[in-house]
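Grab a pencil and open the viewer. Below are some exercises, each followed by a solution you can check step by step.

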Amino acid sequence: MKQILFFLLLQLTATIAFPQQKNRSQTVNYEAANWKLWHLDRPQDIALAPPPDAGVTKEEVEKIKQCLKTLDEKKLADIRYWDAGAPAYRWNQVGNRVIPWENIDVVLRMPMAWMNLAIYDATVLAWKEKVKYKRARPASVEPSILSVISAPGTYSYPCEHSVTSSAAAYVLAYFLPAKADSIIALARAAAQSRVDAGVQFPSDMQAGWKLGEQVAKQIIDKAKNDGSAKVYNGPVNKDPKKWTGNYMLG
């Protein structure tokens, strides 16, 4: 029961708190890099290579410029959609939309809570990497890049939206295998929107995706051992006036 209450509290906190971190005019605070991880047993197994060198970065600048030149209404809509709040904001909406709430077997496993655990731990690790590598945003490297949204004041590597999208999508895909392909595709679109907008390098997106995926794998390993697969072999109530477990209420 304590674990259930903890997960419910975590889910509620995530859906309320994450969207509030939107004010980009505030002084950047990297305190999140020192936050305690919630659920990872082996964070030391998760690491990113350094960002690309100046030569590759120059090539990436040209790719970003090309993305900006080829923006259409669909891409602009995606950019605005995923930029509406903090990275976790839309994923809590997506989770609520794709979870089959009528399926009690899925709901009782609390996929939204597991998803937010992955998002949180992946975000903390992402901030550690940001502080470690201190990569500037594309417009700071090449002033001619005019992003279509306001770039966050934080370091660029890895991409925070890509980290969140990957972590969230892989966890949701585990719980909802029939929807896995569409969920992962949506996450890819969310990550790509940051490059299309001109606020992240392609390698920021790729590194964020890798980090989020690695975190999700460890969280999924935890979820596999949540006890939901255990078969109850105890006594069954025989009183006809009481629920025996042979039918669903409602």
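Helices here are DSSP runs of H or I with at least four residues, strands are DSSP runs of E with at least two, and both are numbered from the N terminus. With that in hand, you can place P202: it sits in helix α10. One thing to know before you start: this is a predicted model, where local features need pLDDT of at least 70, side-chain atom pairs count only at pLDDT 80 or more, and totals for chains, interfaces and linings use all residues. Residues are numbered from 1 along each chain as its sequence is written, and side-chain values use heavy atoms, with hydrogens and water left out.

**Exercise 1. Work out what the chain is built from, and how much of the chain is buried.**

Step 1: Go for the secondary structure. The chain has 10 helices and zero strands.

Step 2: Now look at burial. Buried means under 20% relative accessible area, exposed means over 50%, and partly exposed is in between, using a 1.4 Å probe and protein chains only. Of the 250 residues in the chain, 44% are buried.

Step 3: Check how the chain touches itself. A contact means heavy atoms within 4.5 Å. Take the contacts with a separation of 6 or more: 82% of them are between residues 24 or more positions apart.

**Exercise 2. Describe how α9 and α10 pack against each other.**

Step 1: Decide what to look for. Two packed helices are described by the angle between their axes and the distance between the axes.

Step 2: Get both values. Axes are lines fitted to C-alpha atoms, for helices over the stretch in contact, and angles run from 0 to 180 degrees between N-to-C directions. The axes of α9 (residues 180–196) and α10 (residues 202–223) come within 8 Å and cross at roughly 145°.

Step 3: List who touches whom. From α9 the contact uses I184, A187, R188, A191, Q192 and V195, while α10 brings P202, M205 and W209.

Step 4: Sort them by class. Ala, Val, Leu, Ile, Met, Phe, Trp, Tyr, Cys and Pro count as nonpolar, Asp, Glu, Lys and Arg as charged, and the others, Gly among them, as polar. That gives seven nonpolar, one polar and one charged residues.

**Exercise 3. Explore the loop between α9 and α10, starting from Q200.**

Step 1: Find Q200 in the loop between α9 and α10. Is Q200 buried or exposed? Q200 counts as buried, because its relative accessibility is 0%.

Step 2: Look for polar contacts, meaning pairs of N or O atoms within 3.5 Å; within protein, one must be able to donate a hydrogen and the other to accept it, and residues adjacent in sequence count only if both atoms are side-chain atoms. The Q200 side chain reaches the backbone oxygen of S156 at 2.9 Å. A polar contact of 3.3 Å also joins the side chains of Q200 and D204.

Step 3: Move on to F201, which is in that loop too. F201 counts as buried because its relative accessible area is 0%. Leaving aside neighbours within four places in sequence, F201 is in contact with several residues, including T57, I64, R137 and S156. F201 and R137 are 64 residues apart along the chain, yet their C-alpha atoms are separated by 7.7 Å.

Step 4: Finish with P202, which is buried at 9% relative accessible area. Not counting residues up to four places away in sequence, P202 touches E60, K63, I64 and V195.

**Exercise 4. Find the backbone oddities around P158, M110 and K134.**

Step 1: Start with P158, in the loop between α7 (138–141) and α8 (160–175). A cis peptide bond joins Y157 and P158, with omega about 0°.

Step 2: Go to M110, in the loop between α5 (104–107) and α6 (111–133). M110 has a positive phi of about 55° although it is not a glycine. M110 counts as buried, at 12% relative accessibility.

Step 3: Compare K134, in the loop between α6 and α7. Phi of K134 is positive as well, near 50°, and K134 is a residue other than glycine. K134 is partly exposed, with a relative accessible area of 47%.

**Exercise 5. Find which side chain D83 pairs with.**

Step 1: Locate D83 in the loop between α3 (73–82) and α4 (87–98).

Step 2: Check its burial: D83 counts as buried at 10% relative accessibility.

Step 3: Find the partner. A polar contact of 2.9 Å joins the side chains of D83 and R194.
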